[in-house]
Amino acid sequence: MPSDVLDTPASAYELVTAKPGPVGALPLTDDLLRHAPSGDLFGWTQNVGMGWNPALLGGKEFTILSTHGGLRAEDGTPIALGFHSGHWEVGLLVKAAAEELKKLRCIPFAGAVTDPCDGRTQGTAGMYDSLPYRNDSSQVMRRLMRSHPTRAGVMGVATCDKGLPAMMMALASQHDHPTILVPGGVMLAGEAGEEDTGKVQTIGARYAHGEITLEQAAEAGCHACASPGGGCQFLGTAATSQVVGEALGLSLPHSALAPSGQPIWLDMARRSARALFNMANSGVTTKHILTPAAFRNALAVFAAFGGSTNLLLHIPAVAFHAGVKRPTIDDWTHFNRSVPRLVDALPNGPIGHPTIRVFLAGGVPEVMLHLRELGLLELDALTVSGEKLGTVLDWWAKSERRTRLRELLKSRDGIDPDTVIMSPTLAKARGLTSTITFPRGNLAPDGCVIKSTAIDPSVVDADGVYRKVGPAKVFTTEKAVIAAIKGDGPRTVVPGDIVVLCCRGPLGSGMEETYQVTSALKHLKWGKQVAVITDARFSGVSTGACIGHVSPEALAGGPIGKLRDGDRVQIIIDRTKLEGTIDLIGDAGGDHGVAWGTAELLTRLPRPDLSADPALPADTRLWAALQHASGGVWGGCVYDPDLIAAKLAGR
């Protein structure tokens, strides 16, 4: 018998079965006993039972929800690991905010709905739960908020790819309560020569092609995380979500991309607690912050940063829960044509600074100063600071904080902050192009997206147009694509190919993120000579031409599911006009033109190998059906109860 499992040590039997309750008395009144819900009264009983001083009851109560994960000892060493660094330290932000609320004689409550790591689940069945998790966790967060009926306001603390969008969706639903978002910050940059957390995810592909040794891969993989907490060092979904949260006015000025674990990061939590308290006292609620103007500002800032295309899914979802009209493809196109990209950050380049440098250079408010000069912001939008955006930017321009941090970047790191966040004139001179394009064509009649700013300039023609015609290599699983890229499968991806990955949209895989594919091609020497077309999604890293969100998806009857190996595909992306097309134009017999391809697709049946992934969980299948009925990918993959009910009723 396993005695270490079944036997109980003698000391464990030294227990008590009864003890006196807390000392003191609840500050009840005749009115409370006669008219307050029993839940309010029992809540006070629970509060003192957990150790709260009964004399301090009756103050404003605030809910703090976070995505904290893992278990840390007091000295910071791990007792149980979190799923990722992004939620590993955010409990410290919760603690700092709660202590500040206690000083204000308020009563903080804390809860957590932890989140997964898209990096950890790349290439695994865990990715099939990634995007559906966002909806599920946001629903749990909303239920927790409502389960604290005496809340005077809600603080959300979150960092990464799905937890932060979920938190913003949940906060947005609190129309008549004050809310504030505390972004969990970013990981510190590694020392010179060390790989960032984006590039290091390609060690397998680079090793397979002999571009690095086993020893180099092992060392790179060990050194990439330069601090135990914070989101990844590049402008992927996590960092972009932090930027968007601040641009919406939902976070304090200059809070996005703060260095995790540093004093300035903890200070942000304390000031956020004070701001939430002030909102509760002044009657400012979420509906006053998340207005149509706030979302227009967010779209402008998103374009100026050149962030992750995953925000095409998340910003509409936040708008839906805020009760604001969801942005359309036309809205996205308008802002990406109107707003210049001003930020040089990983993975876009041209230099590719880690996100900590973007923070030191001034972050969101610094970008907004430039956008204000261009007349691209709505300055009357209210922020959680209690001030309108225009007033906030006046403060930022003259603030000691701006001066000291920009000087720190220049003097200690040797980086001119104006080359990280640039003026429109300098950005244009350095070749920064606008962020995203929404191509159409006979392969994507409902649209698709490409992060056109990330196309390697060496494969773009002198007129700013990317043109490619090549043979399709069609895959229905990401695993098969990776094997082909590494040269391990029955087929091999070679320069000139157009990789088509279908059956990976919501109905096929929960719309998995194919970062494993796009990042491998970015960091292989010949990867820029390969294009990718998929009904899946990807994060902030792509090169060559990686086109995602192809709609309709293959399993919804989309023409992408009719392509065959050897078909000739044409891609045209104008990075200046932000226009593009993806079309079938020929077959193994040669090129026959777009009109031929359109007619040919109408006569073809879907490929016989199309199917949902056999490992797709039933939970994700339900999510896919519900979001499909609610507007699908372009609607933010949300659940619209009115649309769902109508379709169930056959209307």
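Two strands pair if DSSP finds at least two bridges between them. The exercises below apply this to a predicted model.

**Exercise 1. Strand order**

Task: Decide in which sense β1 and β5 pair, then place both in their sheet.

Solution.
- Step 1. Take β1 at residues 61-66 and β5 at residues 151-158. They are joined over 6 bridges. The cut-off is at least two bridges, so this counts as a pair. The sense is parallel.
- Step 2. Pick out one facing couple. Glu-61 stands opposite Arg-151 in β5.
- Step 3. Read the order of the sheet. The sheet is open, has 4 strands and runs β4-β1-β5-β6, with parallel pairing.
- Step 4. Find the edges. β4 (107-112) and β6 (179-183) each pair on one side only.
- Step 5. Add the twist. Neighbouring strands are turned by 20° against each other on average, direction ignored.
- Step 6. Add the helix. α7 (residues 163-172) packs on the sheet and touches β1, β5 and β6. Its direction makes about 165° with that of β5.

**Exercise 2. Two partners of β8**

Task: State how β8 runs against β12 and against β9.

Solution.
- Step 1. Locate β8 at residues 465-475. Of its 11 residues, 8 are buried, so the strand is mostly covered.
- Step 2. Turn to β12 (residues 568-574). It is joined to β8 by 7 bridges, and the two run antiparallel. Tyr-466 has Ile-573 of β12 as its bridge partner.
- Step 3. Turn to β9 (residues 498-501). Here 4 bridges link it to β8, and the run is parallel. Phe-475 is partnered by Leu-501 in β9.

**Exercise 3. Helix packing and the core**

Task: Classify the packing of α13 and α17, then follow Leu-371 into the core.

Solution.
- Step 1. Take the geometry. α13 and α17 (residues 363-373) pack at about 100°, with axes 10 Å apart.
- Step 2. Apply the cut-off. Angles of 65 to 115 degrees count as roughly perpendicular. α13 and α17 are therefore roughly perpendicular to each other.
- Step 3. List the contact residues. On α13 these are Ala-300, Val-301, Ala-304 and Phe-305. On α17 they meet Gly-363, Val-364, Val-367, Met-368 and Leu-371.
- Step 4. Move to the core. The largest nonpolar core holds 106 residues. Those with the most contacts inside it include Leu-371, Phe-305 and Met-155. Helix α13 (residues 292-305) gives the most to this core, with 10 residues.
- Step 5. Check Leu-371 beyond its neighbours within four places in sequence. Its contacts include Val-339, Leu-342, Leu-376 and Leu-377.
- Step 6. Note the other core. It lies apart and has 29 residues, among them Ala-472, Val-500, Cys-503 and Leu-610.

**Exercise 4. Polar residues in helices**

Task: Are Thr-237 and Arg-142 buried or exposed, and what do they meet?

Solution.
- Step 1. Set the cut-off. Buried means under 20% relative accessible area.
- Step 2. Test Thr-237, in helix α10 (residues 237-247). Its relative accessibility is 1%, so Thr-237 counts as buried.
- Step 3. Find its partner. The side chains of Thr-237 and Asn-310 share a polar contact of 2.8 Å.
- Step 4. Test Arg-142, in helix α6 (residues 130-146). Its value is 13%, so Arg-142 is buried too.
- Step 5. List what Arg-142 touches, leaving out residues up to four places away in sequence. These are Ala-170, Ser-173 and His-321.
- Step 6. Take one of them further. Ser-173 is 31 residues from Arg-142 along the chain, yet their C-alpha atoms are separated by 7.5 Å.

Technical notes
Residues are numbered from 1 along each chain as its sequence is written. This is a predicted model: local features need pLDDT of at least 70, side-chain atom pairs count only at pLDDT 80 or more; totals for chains, interfaces and linings use all residues. Side-chain values use heavy atoms; hydrogens and water are left out. Axes are lines fitted to C-alpha atoms, for helices over the stretch in contact, and angles run from 0 to 180 degrees between N-to-C directions. Contact means heavy atoms within 4.5 Å. Buried means under 20% relative accessible area, exposed over 50%, partly exposed in between (1.4 Å probe, protein chains only). A polar contact is a pair of N or O atoms within 3.5 Å; within protein, one must be able to donate a hydrogen and the other to accept it, and residues adjacent in sequence count only if both atoms are side-chain atoms. A nonpolar core is a set of buried Ala, Val, Leu, Ile, Met, Phe, Trp, Tyr and Cys residues joined through side-chain atoms within 4.5 Å. Angles under 35 degrees count as roughly parallel, over 145 as roughly antiparallel, 65 to 115 as roughly perpendicular and the rest as oblique.
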